[in-house]
Amino acid sequence: MRSSRRHPLLVPVLLCALAVLAARPGDDDTHTAAGASAEVARLYQDAAVAAQRYEAGRQEADAQRARAQRVEGQLDRERREIARLHEDLGRIARAQYRSGGGIPMAARIILADSPEDLMRDQHVFSQADLAVGNAIGRSHRAEARLAGDEARAASAWRTLEKRNAELAELKQGIQRKLEEARGQLQGQADASVAAGSCRGAVRLDQPPNRVTGPWVAPVETVELSAGFGSGGSRWANRHTGQDFAVPIGTPVRAAGAGRVVRVSCGGAFGIEIVIEHPGGYYTQYAHLAAVTVDQGDRVTTGQWIAQSGTTGNSTGPHLHFEVRVTPDMGSAVDPLPWLAQRGVSVG
């Protein structure tokens, strides 16, 4: 029989290993979190494309509306022309009747005082007949042109309305999916914060970085909410950063190049990132739903580093952004003038 004393450290080592594994997020949880982050990122791009297409359709509708107004003006002119031609026909017919246009040619010859009078009368009647024929022809052509223009205008409107309806439905469908994915992403973030266990970075596909300057705003679409130094019941003293009102899952960008010195979760800031920049400044990004970088990573200006959320001491989805002279809370400076001094106009 084997003695259990041959491996006296085996049981403690196994217990420690099990404790470590229990404290770490499971592979399935990490995979699920990564899937939610990637789904939100993909839907954001889909929503952006759909919004662009919808906006292009709206602009095309405006252009079509202007064209329709021009066509309607042309149709009105054509209708007036047809009415004028009908009046001309009636006037010519009445003139022929008053001038004896209904008298047979034999009677005209008998009643004519001279050959010259006969020829002159014949010329007058020929001109009248020609005018009547021309008026009838113009009227028919104008009516055909009017019918064609009306048909083309109606067809263009039907096509445009159908396309815009399809675009609106596509956009609404993407928005519904995006809202569902946002809820899933935030739920996973809340669970992570409650457990005090930060999940690893979600490596999302980075879009082409079109940033040309050394500094950018932390979110692409800027809508400011609570500002630096403002008061409120949710802060112990004064607000230490600038809030950007953005939906859950909005890509958060590194304001400048630097090194990630902190990725943490729990506490008032929820999930947060702190980046050290050359020159002795630090930027903080808080209340996040997910992070796409790990502590120690090098980042470039405009690189996606996180997705916004509403974790920690937060009343709703937004990004809390700070500029500090140390990596720690309490050393913040007003971020908007700081960014403005570096060529970034916000708000």
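**Close-up 1. The cavity search turns up one enclosed space of 30 Å³ or more in the whole structure.** The model shown here and in the other views is predicted. About 170 Å³ of space lies inside the largest cavity. Its lining is made up of 16 residues. R199, I271, A289, A290 and V291 are the ones nearest the centre of the largest cavity. Three elements, α2, α4 and β5, each supply at least two lining residues. With four residues, α4 gives the most to this lining. By class, the lining of the largest cavity has 11 nonpolar, four polar and one charged residues.

**Close-up 2. The largest pocket has a volume of about 820 Å³.** Here 25 residues form the lining. Nearest the centre of the largest pocket lie A48, P207, E220, P251 and W304. Helix α2 (27-98), helix α4 (115-195) and strand β2 (251-253) each supply at least two residues of the lining. The largest share comes from α2, with four residues. Sorted by class, the lining of the largest pocket holds 12 nonpolar, eight polar and five charged residues.

**Close-up 3. One disulfide is present in the structure, and it joins C198 to C265.** The S to S distance is 2.3 Å. C198 sits in the loop between α4 and β1, and C265 in the loop between β3 (258-264) and β4 (271-277), so the bond ties together parts that are 67 residues apart in sequence. The torsion about the S-S bond of C198 and C265 is about -135°, so the disulfide is left-handed. How accessible are the two cysteines, C198 and C265? C198 is partly exposed, at a relative accessible area of 31%. C265 is buried, at 14%.

**Close-up 4. Strands β3 and β4 form an antiparallel hairpin.** Five bridges hold the pairing of β3 with β4. Within it, R259 has E276 of β4 as its bridge partner. Six residues lie between the two strands of the hairpin. One of these strand-connecting details is G266, which takes a positive phi near 100°. Strand β3 also runs antiparallel to β6 (residues 298-299), joined by two bridges. There, G258 stands opposite V299 in β6.

**Close-up 5. Strand β8 (residues 319-324) is largely enclosed by the rest of the structure.** Why is β8 described as largely enclosed? Six of its six residues are buried, so the rest of the structure largely encloses the strand. In a regular strand the side chains alternate between the two faces of the sheet. Both faces of β8 are covered. On one side, L319, F321 and V323 are buried. On the other, H320, E322 and R324 are buried too.

**Close-up 6. Strand β8 pairs in the antiparallel sense with β1, β5 and β9.** Which residues face F321 across the bridges, in β1 and in β5? Q242 is a bridge partner of F321, and so is Y285. Three bridges link β8 to β1 (residues 242-244). Five bridges join β8 to β5 (residues 281-291). Two more elements of detail concern β9 (residues 332-333): two bridges join this strand to β8, and V323 is partnered there by V333.

**Close-up 7. Four aromatic pairs are counted in the structure, among them W215 with W338.** The ring centres of W215 and W338 lie 4.9 Å apart and the planes stand at 80°, so the pair is edge-to-face. W215 belongs to the loop between α4 and β1 and W338 to helix α5 (residues 335-340), so the pair ties together parts that are 123 residues apart in sequence. W215 counts as buried, at 17% relative accessibility. W338 is buried as well, at 5%. Ring pairs also bring in Y281, giving a cluster of W215, Y281 and W338.

**Close-up 8. F244 and F321 form an edge-to-face aromatic pair.** Their ring centres are 6.3 Å apart and their planes are at 65°, so the edge-to-face label applies. The pair links distant parts of the chain, with F244 in strand β1 and F321 in strand β8, 77 residues apart. Both F244 and F321 are buried.

Methods. Residues are numbered from 1 along each chain as its sequence is written. This is a predicted model: local features need pLDDT of at least 70, side-chain atom pairs count only at pLDDT 80 or more; totals for chains, interfaces and linings use all residues. Side-chain values use heavy atoms; hydrogens and water are left out. Buried means under 20% relative accessible area, exposed over 50%, partly exposed in between (1.4 Å probe, protein chains only). Two strands pair if DSSP finds at least two bridges between them. On a 1 Å grid over the protein atoms alone, a cavity is a set of points where a 1.4 Å probe fits but cannot get out, and a pocket is an open set with protein on both sides within 12 Å along at least five of seven lines; lining residues have an atom within 4 Å of a point. Grid points are joined across faces, edges and corners, and a volume is the space filled by probe spheres set on the points. Ala, Val, Leu, Ile, Met, Phe, Trp, Tyr, Cys and Pro count as nonpolar, Asp, Glu, Lys and Arg as charged, and the others, Gly among them, as polar. A disulfide is a pair of cysteine sulfur atoms within 2.5 Å. Rings of Phe, Tyr and Trp (its six-membered ring) pair if their centres lie within 6.5 Å; planes under 30 degrees apart count as stacked, over 60 as edge-to-face and the rest as tilted.
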